[in-house]
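The following report describes how one protein chain is folded and which of its residues come together in space. Please read it alongside the sequence and the model displayed here.

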Amino acid sequence: MAFRIEFFVNDIEKSVVFYQNILRLELLQQGENSASFISDESHLLLTSFDVLEDKHYFKKHNFAKLGGGVEFIIITDQVEELYKSIKQKKPNSIESDLKQQTWGMVDFRVIDPDGYYIRVSSKRK
């Protein structure tokens, strides 16, 4: 089983830079209003919020804060290296520092340009 997730974003270019250059996800393809990233069996699609019709659920309910109540988790075997890189490139995006968790994994959290809450975590040992 694999999961795909779609984030609606306000500025596709800004979001692509964040996911490609900051989080180091592999850009699969990009269009004017969308971009997709792939890693193993995971797939992230970014779509411009502007393409949604007025009848779309998100617009009907006026979601001003994108990503509210959702934690997106990226699993990597290079969590420490990625943390150091983000600390140098975009330290203000880090919401919580690198930490050994009581459940045995090492992780940190970042906030993307639209406010999506992302946990970058080590693989389970």
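## Aromatic pairs

Phe7 and Tyr116 are both buried, where buried means under 20% relative accessible area, exposed means over 50%, and partly exposed lies in between, with a 1.4 Å probe and protein chains only. The model is a predicted one, in which local features need pLDDT of at least 70 and side-chain atom pairs count only at pLDDT 80 or more, while totals for chains, interfaces and linings use all residues. Residues are numbered from 1 along each chain as its sequence is written, and side-chain values use heavy atoms, with hydrogens and water left out.

A search of the whole structure finds 8 aromatic pairs. Rings of Phe, Tyr and Trp (its six-membered ring) pair if their centres lie within 6.5 Å, and planes under 30 degrees apart count as stacked, over 60 as edge-to-face and the rest as tilted. Two of these pairs are set out below.

| Pair | Distance between ring centres | Angle between planes | Class |
|---|---|---|---|
| Phe7 and Tyr116 | 4.0 Å | 5° | stacked |
| Phe8 and Phe58 | 5.3 Å | 80° | edge-to-face |

Phe7 belongs to strand β1 (residues 4-9) and Tyr116 to the loop between β7 (106-111) and β8 (117-122), so their pair ties together parts that are 109 residues apart in sequence. Phe8 also lies in strand β1, whereas Phe58 is in helix α2 (residues 57-60), so this pair ties together parts that are 50 residues apart in sequence. Helices (H or I, at least four residues) and strands (E, at least two) are DSSP runs, numbered from the N terminus. Phe8 is buried, with a relative accessible area of 8%, while Phe58 is partly exposed, with a relative accessible area of 28%. Ring pairs also link Phe7, Phe18, Tyr19, Phe37, Phe72 and Tyr116 into a cluster.

## The chain as a whole

The secondary structure of the chain comes to 3 helices and 8 strands, which follow one another along the sequence in the pattern β-α-β-β-β-α-β-α-β-β-β. The radius of gyration is 15 Å, close to the 14 Å that the globule rule gives for 125 residues, so the chain is as compact as a globular protein of that length; this radius is taken over C-alpha atoms, and the rule is 2.2 Å times the number of residues to the power 0.38. The C-alpha trace spans about 45 × 35 × 30 Å along its principal axes, and buried residues make up 39% of the 125 residues. Of the contacts (heavy atoms within 4.5 Å) between residues at least 6 apart in sequence, 50% join residues at least 24 apart.

## Helix α1 and the hairpin after it

Helix α1 covers residues 12-22, and within it Ile12, Ser15, Val16, Phe18, Tyr19 and Ile22 are buried. At the start of α1, a side-chain oxygen of Asp11 comes to within 3.1 Å of the backbone nitrogen of Glu13. Arg24, in the loop between α1 and β2, has a positive phi of about 60° although it is not a glycine, and Arg24 is partly exposed, with a relative accessible area of 40%.

Strand β2 (residues 26-30) and strand β3 (residues 34-39) then pair in the antiparallel sense over 4 bridges, where pairing requires that DSSP finds at least two bridges between the strands. The hairpin that joins β2 to β3 does so through 3 residues, and the bridge partner of Glu26 in β3 is Ile38.

## Strand β8 and its two neighbours

What covers so much of the surroundings of β8 can be followed through its partners: 5 of the 6 residues of β8 are buried. β8 pairs with β5 in the parallel sense over 6 bridges, and with β7 in the antiparallel sense over 5 bridges. On the β5 side, Ile75 stands opposite Ser121, while on the β7 side the bridge partner of Phe108 is Val120. The hairpin of β7 and β8 has 5 residues between the strands, and in this hairpin Gly115 takes a positive phi near 95°.

Ser122, also in strand β8, is buried with a relative accessible area of 8%. Not counting residues up to four places away in sequence, Ser122 touches Ile75, Thr76, Val79, Met105 and Val106. Asp77, by contrast, is exposed, with a relative accessible area of 57%, and lies in the loop between β5 (71-76) and α3 (79-89). The C-alpha atoms of Asp77 and Ser121 are separated by 8.2 Å, although these residues are 44 apart along the chain.

Technical notes:
Polar contact = N/O pair within 3.5 Å; in protein donor to acceptor, adjacent residues only side chain to side chain.
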